[in-house]
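The following account leads the reader through one molecular structure, from the contact of its chains to individual residues.

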Amino acid sequence: MSNTTPQSPTFDFRNALNENRLVGLWRMMTDFRVSYIAATLSLAVSALAKTSVYLLLRFFADDVLAKGTRFGTATQTFLWIGLGFILLAFVEGGFAFLSGRLAAYTAEGITRRLRDFLFDHIQRLSFSYHSQTPTGDLIERVTSDVDALRRFFSEQAIGVGRIVLLFFINWAAILYLNVKLGLMSVVVIPFMLWVSMWFFKKVTKAYEEYQAQEAVLSTTLQENLTGVRVVKAFARQDYEKNKFEKDNWLKFLKGKILLLMHSLFWPLSDIVLGAQMLFGYIFGAFMAINGEITLGDYIAYVGLVVWLIFPIRNLGRTIVQTSTGMVSYARLMDIVKQVREPLTDGRVQPEGPVRGEIEFQDVSFMYSDGKHDVIKNISFHIKPGQSIALLGSTGSGKTSMVNLLPRFHDYTGGHILIDGVELTDYPRKYLREQIGIVQQEPFLFSRSIRENILYGVGRSVTKEEIEAAARAAAIHDVILSFPDGYNTIVGEKGVTLSGGQKQRVTIARTILKNPRILILDDSTSAIDTETEAEIRAALNGLMENRTTFIIAHRIQSVMKADLILVLDKGEMIQKGDHESLLKQFGGMYRKIYDIQTRIDEELEVEIARAN
Amino acid sequence: MAEEIIELEEEEYTSQLTAPVLKRIMQLLKPHWKWVVGFLITIGLTSSLDAYFTYLNKQMVDQGIALGNKEVLLRLATIYGSFILLQSAMIFTFIYLAGVLGERVQYDLRKLLFNHLQDLSLSYYAQNAVGRLIARVTSDTGRVSDLVTWGIVDSTWAIMNIVTSLTFMTIINWKLAIIVSIILPVMIFVATKFQKYILVEFRQSRRANSKITGAYNENIQGVRVVKALGREDENLVEFQELTTKMYRASYRAAWLSALFLPTVQIIAAIALGAIVWYGGVQIQIGLITIGGIQAFVSYLTFMMWPVQDLARVYAEMQHSIASAERIFKLVDTPPDIHNKPDAIPAQTLMGKIEFDHVDFYYEDRKPVLTDFTLTVNPGEMIALVGPTGGGKSTIVNLLCRFYQPQKGTISINGRDYTDYTLESIHSKIGIVLQTPHLFSGTVRENIRYGNLSATDEQVEEAAKVAGAHDFIVTLEKGYEQNVGESGNQLSVGQKQLISLARAVLARLELFIMDEATSSVDTLTESLIQKGMEALMKGRTSFVIAHRLSTIRRANRILVIEDGKIAEQGTHAELLRQRGHYYRLYTQQFRHQLEVQYGVSNELTGDDRSTVTADSIMMRREKPNEESVAAD
C-alpha cells in the first residue's frame with residue numbers, strides 16, 4: 001500500500017460547511033471515501049468469514065460426522081476441515097486488519113489535513129478576528145475538537161458500521177439456518193438498543209458532572225499551590241485541608257453514583273440478553289430434538305447468536321458518542337467559516353520596492369462594531385526617506401493609525417496613497433514586505449536566536465550578514481555571552497532575555513528585512529536606561545533612507561522628526577516640525593514640552609530641599 | 001496542556017526496583033481489604049461462570065439434543081438460567097466494589113498528597129513547578145488507583161478465565177487441552193510484544209501532539225508578528241512537518257493495534273485447526289463428542305480476550321508503578337523548615353528584629369546574601385529599594401521564615417527566631433504581594449481568609465479601613481460577589497484592596513508589602529496608599545517600594561545591591577549622598593511625574609516578558625528570588 005508514504009492531500013474545508021452536520025462530515029471525507037468504503041467492505045468480508053466458521057462447524061457436524069461425507073480418507077477429511085478453519089481465520093484476521101488499517105488511514109489522513117488547514121486558516125484570519133477571540137478558546141477547538149472528530153472517523157463511523165454489519169450478516173446466517181429461529185432471536189434487540197442509548201445518555205450526563213467536580217477540585221488545587229505564600233502567610237493550612245477535603249469527598253460521591261449506574265446497567269442488561277440467548281438455546285434445542293433443524297444447525301446457531309445479541313449495548317454507546325463528533329464539527333466550522341484576509345489580492349502588482357512617499361487624505365477609521373471613529377480626518381504628506389513622529393497619550397489613536405499602513409485594518413474613510421497609488425490597491429503581502437515594524441512589546445518565538453533574527457526575512461542570508469545585523473542592533477556581544485551563542489534557544493527551554501534584549505533582537509531582524517518603510521512603535525519604552533543610548537543609535541542607523549513613523553510620548557524622541565503630528569482622541573490637533581510647534585503657545589506640544597521642562601525643575605527643587 | 005507535557009517528560013523515567021514500590025502500592029489497599037476480597041471473589045466467580053457456560057452448552061448438545069432428552073435439557077437450562085442470575089449479581093458486586101474502591105483509593109491518595117503539600121516549605125515549591133505538582137495529585141493518583149482496582153480486576157478475570165477454561169477443556173479431552181496450553185504462552189508472548197510496540201508509537205504520537213499544540217499556541221499568540229513579517233507560508237510548511245510526524249506515529253499505532261487481535265486470533269485458529277483435525281480422529285474412536293469440539297471452538301475463539309487483557313495490564317503497569325514512585329517520593333519529602341522539638345510560640349513580634357551576619361543562598365547555591373546585618377526597631381517602617389535580583393525579596397523571605405539562613409541568625413526580641421513555632425510567627429505577619437492572590441469564592445470569603453472567626457461586621461469594617469468598601473458595594477452583589485477563578489473577575493487594583501482588607505482583618509504585628517509596579521488607575525492607587533498607611537500604623541513594616549510617596553514616608557531606606565546594603569538612611573540623607581539612591585530616585589521621579597501629567601504611559605517594563613508558547617505551557621517557577629518572592 002502507498003499509505004506509508006506521507007502525502008498531505010490539500011482540501012479546502014470551507015467546502016465542508018453545511019447546515020446538515022452529517023452532510024458536512026461526509027464532505028470532509030472527500031478523497032478518503034474510497035478507503036472508508038473499502039474499510040467497511042473489508043469489515044463485511046471479515047464478518048462473513050467469522051460467520052463461515054460456524055457454518056463450517058455445521059458442515060463438519062452434519063455432513064462429515066453424521067452423513068459421512070469424505071474427501072479422501074477420514075483423517076484427510078478432518079485435516080481439510082482443520083485447514084478450512086485456519087484459512088477462515090486468516091481471511092477474517094486479514095480483512096479485519098485491512099479494515100483497521102484503512103480506517104486509520106482515513107481518520108488520520110483527514111485529521112492531518114484538517115490540522116494543516118486550521119493552522120493556515122487561523123494565521124490568515126483578520127486582525128479583528130484575533131483581537132476578539134481568546135487564544136485559549138481557539139486552542140481548545142483545534143486540539144480537543146479536532147481529536148473528537150478524529151475519534152468520530154476512526155471509531156464511531158467505523159464502529160457503527162462494524163456492529164450493524166456483524167448483526168445483519170449473522171442474522172442472515174441464522175435466518176438461512178431457520179427463519180423461525182432467526183426471528184425469535186432478535187425479540188429484545190430493539191428494546192435493548194433503546195435502553196442502552198437511554199442509559200449512555202444518562203451516564204454521559206453523570207460523567208460530565210463527575211468531570212465538572214474534578215475540574216472544581218483541580219481549581220482548588222491550583223489556587224492553593226499558586227497561592228502557597230498566602231496560605232502560609234495566614235497559616236491557613238488546616239483551612240485549606242478542609243476545603244480540599246470537601247471537594248475531594250464530593251468527587252468521591254459523584255464517582256460512586258456513576259459506578260452505581262454502571263454496576264446496575266451491565267448485570268441487568270446481562271440478565272435480559274442472557275434470557276434472550278437462553279430462550280433461543282432452549283427453543284433451538286427442542287427444534288433439533290424434534291428434527292426441525294439438524295444438530296449442526298443448532299451448534300452453528302449457538303455460536304452465531306452471541307455476535308447478534310451482545311454487541312447491541314455497544315452500538316447504543318457508539319451512537320450516543322457520535323453526538324460529540326457532531327458538536328465538535330459545529331465548533332470547528334465556526335472557525336472555518338470566518339473570512340480570510342486575502343494576502344495577494346490587489347489591483348496593482350508592483351515589481352520593485354516602493355519609494356516611500358506617503359500621503360494621508362482625510363483618513364478615518366472605525367472598527368466594525370462601528371461605535372466611534374478611532375482616528376478621524378488625518379491628512380499629511382511626507383517624502384521618501386523622511387521621518388514622521390506621532391505624539392499623544394494612550395488611546396489617542398497612534399498605533400491604530402500606523403496599523404493601517406500594512407493593512408492590518410482597512411481605513412473606513414479618506415485615502416492613503418503610497419507613491420501616489422491607493423493603499424488598498426496594493427496586495428497585503430507586498431505592503432508587509434515593504435514595511436518593518438519594531439513593536440513596543442517585542443515577541444520572540446521559542447526557537448534559536450538565529451532563527452528569531454531570520455524569522456520572516458524570506459531570503460537566504462549569510463552568517464556574516466546576520467552578525468552584522470546583530471552588531472548594528474547592539475546585541476551581538478550579548479548573544480555571544482550565551483552558552484550556545486546564536487543557537488541559544490529563547491524562552492523556557494533556554495535563556496530568558498530581558499525586554500531590552502528582545503527589543504534588540506527584533507531590531508536586528510528588521511535590519512535584515514531591509515524595509516522601505518519603518519514603524520517604530522514606542523520602541524524604547526521597554527528598555528533600561530543603560531542600553532537606551534545604544535538602541536537609539538541602532539534605530540537612528542536603521543532610519544537612514546527609510547520613510548519612518550515614530551510613535552513616542554517624549555519630546556526628546558520626536559524633536560528631530562521632519563514632521564510631528566500631535567494626536568488627541570483620534571484627531572490631529574497639531575502638525576509641524578519641532579521649531580514651529582514650540583512657537584504655538586497654548587498648543588498641546590508646547591504644553592508637553594513645558595511639563596517636561598517643569599519636571600526637570602521640580603526634580604532640582606526636590607534635591608535642593610534634601611540638601 | 002501543561003500536565004500532558006510534564007507527564008510525557010516523566011514517562012521516560014521508570015525505576016528498576018519495582019518490587020518494593022509494588023509492595024507499598026498494595027499497602028494502600030490494606031484499610032480496605034474487605035472490599036478487595038469481595039471483588040476478587042466476585043470477579044473470580046464471574047470469570048469461572050463464563051467458562052462454565054461454554055461447558056453447559058456442550059452438555060446441552062451432548063446430553064440433551066444428541067440423546068433427544070428434553071428433561072435433561074430443561075434441567076440444564078434451569079441451571080444455566082440460575083447461573084445467569086447469579087453471575088449478574090456477581091457482576092453488580094465487583095463493578096461496584098472495585099469501582100468505588102478505585103475512587104476511594106484515589107480520594108485517599110489525593111488527601112495524603114494535598115495535606116503533605118500544605119506542610120512542605122516554600123523552597124520545595126520553588127524547585128517544583130506547580131504544573132508538576134498538579135500532575136502528581138491529579139493524573140498520577142488516577143493511574144495508581146486504576147492499577148489497584150481495574151488492573152487487578154482485569155488480570156484476575158483473565159487468569160481465572162484461562163485457568164477454568166483449561167480445566168473444562170481438560171475435563172472434555174486432556175490431549176486437546178495440552179495443544180491449547182502449548183499455544184497459550186505463544187499468544188501471551190506475542191500479545192505483550194505487540195502492546196509494547198503500540199505503546200511506543202502511541203507515546204511518539206502524544207509527543208508530536210503536544211508539539212502541535214505548542215505550535216498552534218505560539219502562532220496564535222504571535223499572529224501579529226507573523227502577519228507583519230508575512231511568514232504564513234513558511235509557518236505552514238514547518239507545521240506540516242509536525243503533522244506529518246504525528247500522522248506517521250498515530251497511523252502506525254492504529255494499524256499495529258488493528259494487526260494485534262487478528263494475529264492473536266490466527267494463532268488460536270492454528271490450535272483450532274489442529275484440534276478439529278485431531279479431534280475428528282478421536283470422535284471416530286469415541287473419545288470426544290461434537291459438543292466437545294464445539295466447546296473447544298468457543299474456548300479458543302474467546303481466548304483472545306483474557307490474553308489481550310493480560311498484555312494490556314502488564315504494559316500499563318510500568319507506568320502506574322512510575323506514577324506511584326513519584327507519589328511516594330513526594331510524600332517522603334520532609335519539609336525543609338519545621339519547628340524545633342522545643343519550639344515555643346512567639347508572644348509578640350513587636351520587638352527588635354536583628355539580622356546577624358546572615359548568609360543565604362537558594363538551591364542553585366549562588367550566594368544571594370552574604371554577611372548581611374540589620375537591626376530594625378519596633379514600629380519602624382523600612383523601605384527596600386534597588387535593582388531586581390539584588391536581594392530585596394530574599395530579605396523578606398527570610399524575615400517571614402519561608403526560608404532560613406544558612407549562616408548567621410535572625411532574632412526577634414533577642415531570641416533566635418527558629419526557637420519559635422512557625423505558626424506563631426506566620427499568624428502575626430501580614431503580607432501583601434505584588435500580584436495579589438485571591439481564591440475562588442465571594443469577596444467576603446476572601447477577606448475573611450484573614451480571620452476565619454470574623455463576623456460580617458468585622459469583615460466590612462476591615463474593608464472600610466483598607467479603603468475597599470466603596471468599590472465592593474458598587475459590585476453587582478456587593479460582598480457576595482464571586483471573584484472568579486483566582487479572582488480574575490476583578491482588576492489588579494481591586495484585588496490589591498481586597499488583599500489589604502484581608503491583612504487588616506488578621507490583626508498583625510509585622511507587615512510586609514511588595515508594592516505593585518503594574519498600572520493601577522490613580523484613584524485606586526491612592527486608595528491603596530491610604531489602606532497601607534492604616535495598616536502600617538504602629539506596626540513594624542517592610543516595603544519593597546516602587547512608589548516615591550511610599551519611599552519618602554519610610555523611616556529608613558535600604559538600597560540593596562548584590563546582597564548587601566549599598567546605602568541606608570532617610571530620604572534626605574540619601575539624596576545628599578548623590579549615590580545609587582540619587583540615580584534611582586531621579587529616574588523614578590521623572591517617570592512618575594510624566595505619568596502624572598499624562599504625557600507617558602505606565603512602563604510595561606521587563607516584567608511583562610515575551611510570551612512564547614512554551615513559557616505559557618510550562619511556566620516554571622525558577623528558584624530565583626524574583627519569582628519566589630515577587631509573586
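**From the interface to single residues**

In this predicted model, the contact between the two chains takes 136 residues from chain B and 126 residues from chain A. On the side of chain B that touches chain A, helix α9 (residues 232-284) of chain B provides the largest share, 31 residues. By class, the residues on that side of chain B comprise 69 nonpolar, 46 polar and 21 charged.

Helix α9 of chain B also has a partner within its own chain. The axes of α9(B) and helix α7 (residues 174-221) of chain B come within 9 Å, and they cross at roughly 170 degrees. An angle over 145 degrees counts as roughly antiparallel, and α7(B) and α9(B) are therefore roughly antiparallel to each other. The contact of α7(B) with α9(B) contains 29 nonpolar, 10 polar and 4 charged residues.

These two helices belong to a chain with 23 helices and 10 strands. Chain B has 631 residues, of which 48% count as buried. If one considers contacts in chain B between residues at least 6 apart in sequence, 81% of them join residues at least 24 apart.

The strands may be considered next. As a general point, strands of a sheet pair through backbone hydrogen bonds, in either a parallel or an antiparallel manner. One open sheet of chain B has 4 strands in the order β2-β1-β4-β5, with antiparallel pairing. Its edges are β2 (367-376) and β5 (415-416) of chain B; each has a single partner strand, so one side of each is left without a neighbour in the sheet. At the β5 edge, 2 bridges join β5(B) to strand β4 (residues 407-412) of chain B, and the two strands run antiparallel. B:Ile412 has B:Arg415 in β5(B) as its bridge partner.

The edge strand β2 of chain B contains B:Asp371. Phi of B:Asp371 is near 50 degrees, which is a positive value in a residue other than glycine. With 14 other C-beta atoms within 10 Å, B:Asp371 is partly exposed, because the count lies between the limits of 12 or fewer for exposed and 20 or more for buried.

A second open sheet of chain B has 6 strands in the order β6-β7-β8-β3-β9-β10, and its pairing is mixed. The edge strands here are β6 (429-432) and β10 (564-569) of chain B, each of which pairs on one side only. On average, and with direction ignored, neighbouring strands of this sheet are turned by 20 degrees against each other. Within the sheet, strand β3 (residues 381-385) of chain B and strand β8 (residues 540-544) of chain B pair in the parallel sense over 4 bridges. B:Ala383 has B:Val543 in β8(B) as its bridge partner.

Which strands of this sheet does α12(B) touch? Helix α12(B) packs on the sheet through β3, β7 (510-514), β8 and β9 (556-561) of chain B, and the direction of the helix makes about 150 degrees with that of β8(B). Helix α12 (residues 392-399) of chain B also lies across β1 (353-361), β2 and β4 of chain B, and runs at about 115 degrees to β1(B). Strands β1, β2 and β4 of chain B are among those of the open sheet with antiparallel pairing.

Attention now turns to chain A. Chain A is divided into domain 1 (14-178 + 321-341), domain 2 (186-292) and domain 3 (358-576). The centres of domain 1 of chain A and domain 3 of chain A, taken over C-alpha atoms, are separated by 52 Å.

Two residues of chain A may be examined individually. Is A:Arg58 buried or exposed? A:Arg58, found in helix α2 (residues 33-67) of chain A, counts as buried because it has 24 C-beta neighbours inside 10 Å. Beyond its neighbours within four places in sequence, A:Arg58 is in contact with A:Gly296, A:Asp297, A:Ile299 and A:Ala300. A:Arg58 and A:Ala300 lie 242 residues apart in sequence, yet their C-alpha atoms are 5.6 Å apart in space.

The other residue, A:Asp362, is found in strand β1 (residues 358-365) of chain A. A:Asp362 counts as exposed because it has 12 C-beta neighbours inside 10 Å. A:Asp362 is not a glycine, but it has a positive phi of about 50 degrees.

Notes. Residues numbered from 1 in each chain as written. Chains lettered and ligands numbered in written order. Predicted model: local features only at pLDDT ≥ 70, side-chain atom pairs only at ≥ 80, totals over all residues. Contact = placed C-beta atoms within 7 Å. Nonpolar A, V, L, I, M, F, W, Y, C, P; charged D, E, K, R; others polar. Domains from an automatic or database assignment. Pairing = 2+ DSSP bridges. Axes fitted to C-alpha atoms, helices over the stretch in contact; angles between N-to-C directions. Parallel < 35°, antiparallel > 145°, perpendicular 65-115°, else oblique.
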